[in-house]
Amino acid sequence: MSKDLSVGQVAAIAKVTVRTLHHYDEIGLLSPGGRTPAGYRRYRDTDLDRLQQILFYRELGFSLEEIAAILDDGTVSPTEHLRRQRDLLHARIDRLRELAAAVEHAMEASRMGIQLTPEEKFEVFGADYQERWETEAEQRYGGSDAWQQSSRRTARYSKSDWERIKAEGDALNARCAAALAAGVAPASAEGMALAEEHRRQITDNYYDCGYEMHRCLGDMYLADERFTATYERVAPGLAQWLRNAIVANAEAHQAG
């Protein structure tokens, strides 16, 4: 910028309130570098740089006292601040992926059948099915959009619907196992096509599964031993192969 800005202009640019900027000045967190003859605040480029840092750390949940200590540490260079911010952002991204994976876990656990009796669930899904997954998942994630969408769809499913869905899933797992045995690379066209079919089965039968959500689901297949065991019983190494195919497919579509 070529000129100083008023407090109102800075508030509009940074999407904060004038009151917030006044408060930052009062506590010494962000005191503007200039004043008009009448005493009005005037913000310079360096002030906006500091405001950007403050808002970044606020977004990550730091208190104003912590932010002041961070920014006023004379031993930390601007480059180190950027490196620290990068690491904090990666940590936030990892946490969000963990949360998304937890929701996916809940969806997978709850998908076993809103309309089936315990006996029918056992009959359709086999001895590995645990009905407590549904209660556990609903208690933790019942308010999520994905849960609501899945609940609306599955509430209409009959036993024959679940049998069809189970058969489609088993057939896809068998084709994935065959690809693994044949040495098909997860990131190959064939591997990604199988991953895309896996994603579409979820979208068609349960809830809209985007590529980032699908990637989180693939990560969960390795992070949760119950899901890992499900795929390992189909074929040793299948959980890792499918996860890699899912990631490759997601990256290909997101890059496009």
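Here are some questions and answers about this predicted model.

Me: Let's start with the overall make-up. How many helices and how many strands are there in the protein?
Reply: Happy to begin there. The protein has 256 residues, and 41% of them are buried. Its regular elements come to 13 helices and three strands.

Me: Which share of the contacts with a separation of 6 or more comes from residues 24 or more positions apart?
Reply: Here a contact means heavy atoms within 4.5 Å. Among contacts with a separation of 6 or more, the share from residues 24 or more positions apart is 63%.

Me: What share of the accessible surface belongs to carbon and sulfur atoms?
Reply: The accessible surface of the protein is about 14,000 Å² in total. The part of it that belongs to carbon and sulfur atoms is 53%.

Me: Which elements give two or more residues to the largest nonpolar core?
Reply: As background, nonpolar side chains in soluble globular proteins tend to be buried together. The largest nonpolar core here has 26 residues, and those with the most contacts inside it are Cys176, Tyr221, Leu238, Trp241 and Leu242. The elements giving it two or more residues are helix H9 (159-181), helix H10 (189-205), helix H11 (211-223), H12 and H13.

Me: How many residues are in the other core, the one with Val7 and Ile54?
Reply: That core lies apart from the largest one. Val7, Ile54, Phe56 and Leu64 are among its residues. Its count is 20 residues.

Me: How are H12 and H13 arranged: roughly parallel or roughly perpendicular?
Reply: Helix H12 covers residues 225-234 and helix H13 covers residues 238-255, and their axes are 7 Å apart. The angle between them is about 105 degrees. An angle of 65 to 115 degrees counts as roughly perpendicular. So H12 is, with respect to H13, roughly perpendicular.

Me: What classes do the residues of the contact of H12 with H13 divide into?
Reply: On the H12 side we find Thr228, Tyr231, Glu232 and Val234, and they meet Leu238, Ala239 and Leu242 in H13. By class, these residues are five nonpolar, one polar and one charged.

Me: How does H10 lie against H13: roughly parallel or roughly perpendicular?
Reply: The axes of H10 and H13 come within 8 Å of each other. They cross at roughly 90 degrees, and 65 to 115 degrees is the range for roughly perpendicular. H10 is therefore, relative to H13, roughly perpendicular.

Me: How many nonpolar, polar and charged residues does the contact of H10 with H13 have?
Reply: H10 brings Gly191, Met192, Leu194, Ala195, Glu196 and His198 to this contact. From H13 come Trp241, Leu242, Ala245, Ile246, Ala248, Asn249, Ala252 and His253. Sorted by class, they are nine nonpolar, four polar and one charged.

Me: Which residues does Met192 contact, leaving aside neighbours within four places in sequence?
Reply: Met192 sits in helix H10. Between Met192 and Val247, 55 residues apart in sequence, the C-alpha distance is 8.7 Å. Leaving aside the neighbours within four places, Met192 is in contact with Pro186, Ala187, Ala245, Ala248, Asn249 and Ala252.

Me: Is Pro186 buried or exposed?
Reply: Pro186 belongs to the loop between H9 and H10. Not counting residues up to four places away in sequence, Pro186 touches Gly191, Met192, Trp241, Asn244, Ala245 and Ala248. A relative accessible area under 20% means buried. With 18%, Pro186 is therefore buried.

Me: And Gln201, buried or exposed?
Reply: Gln201 is placed in helix H10. Beyond neighbours within four places in sequence, Gln201 is in contact with Glu168, Gly169, Leu172 and Tyr206. Because its relative accessibility is 17%, Gln201 counts as buried.

Me: Where is Lys15 found?
Reply: Lys15 has a phi near 60 degrees, a positive value in a residue other than glycine. At 75% relative accessibility, Lys15 counts as exposed. Its place is the loop between helix H1 (7-14) and helix H2 (18-26).

Me: Finally, which residues does His253 contact, leaving aside neighbours within four places in sequence?
Reply: His253 is in helix H13 and is partly exposed, with a relative accessible area of 38%. His253 and Glu196 are 57 residues apart in sequence, with 9.8 Å between their C-alpha atoms. Neighbours within four places aside, His253 is in contact with Glu196 and Tyr211.

Methods:
Residues are numbered from 1 along each chain as its sequence is written. This is a predicted model: local features need pLDDT of at least 70, side-chain atom pairs count only at pLDDT 80 or more; totals for chains, interfaces and linings use all residues. Side-chain values use heavy atoms; hydrogens and water are left out. Helices (H or I, at least four residues) and strands (E, at least two) are DSSP runs, numbered from the N terminus. Buried means under 20% relative accessible area, exposed over 50%, partly exposed in between (1.4 Å probe, protein chains only). Accessible areas come from the Shrake-Rupley method with a 1.4 Å probe; for residues, only the protein chains shown count as cover. Axes are lines fitted to C-alpha atoms, for helices over the stretch in contact, and angles run from 0 to 180 degrees between N-to-C directions. Angles under 35 degrees count as roughly parallel, over 145 as roughly antiparallel, 65 to 115 as roughly perpendicular and the rest as oblique. Ala, Val, Leu, Ile, Met, Phe, Trp, Tyr, Cys and Pro count as nonpolar, Asp, Glu, Lys and Arg as charged, and the others, Gly among them, as polar. A nonpolar core is a set of buried Ala, Val, Leu, Ile, Met, Phe, Trp, Tyr and Cys residues joined through side-chain atoms within 4.5 Å.
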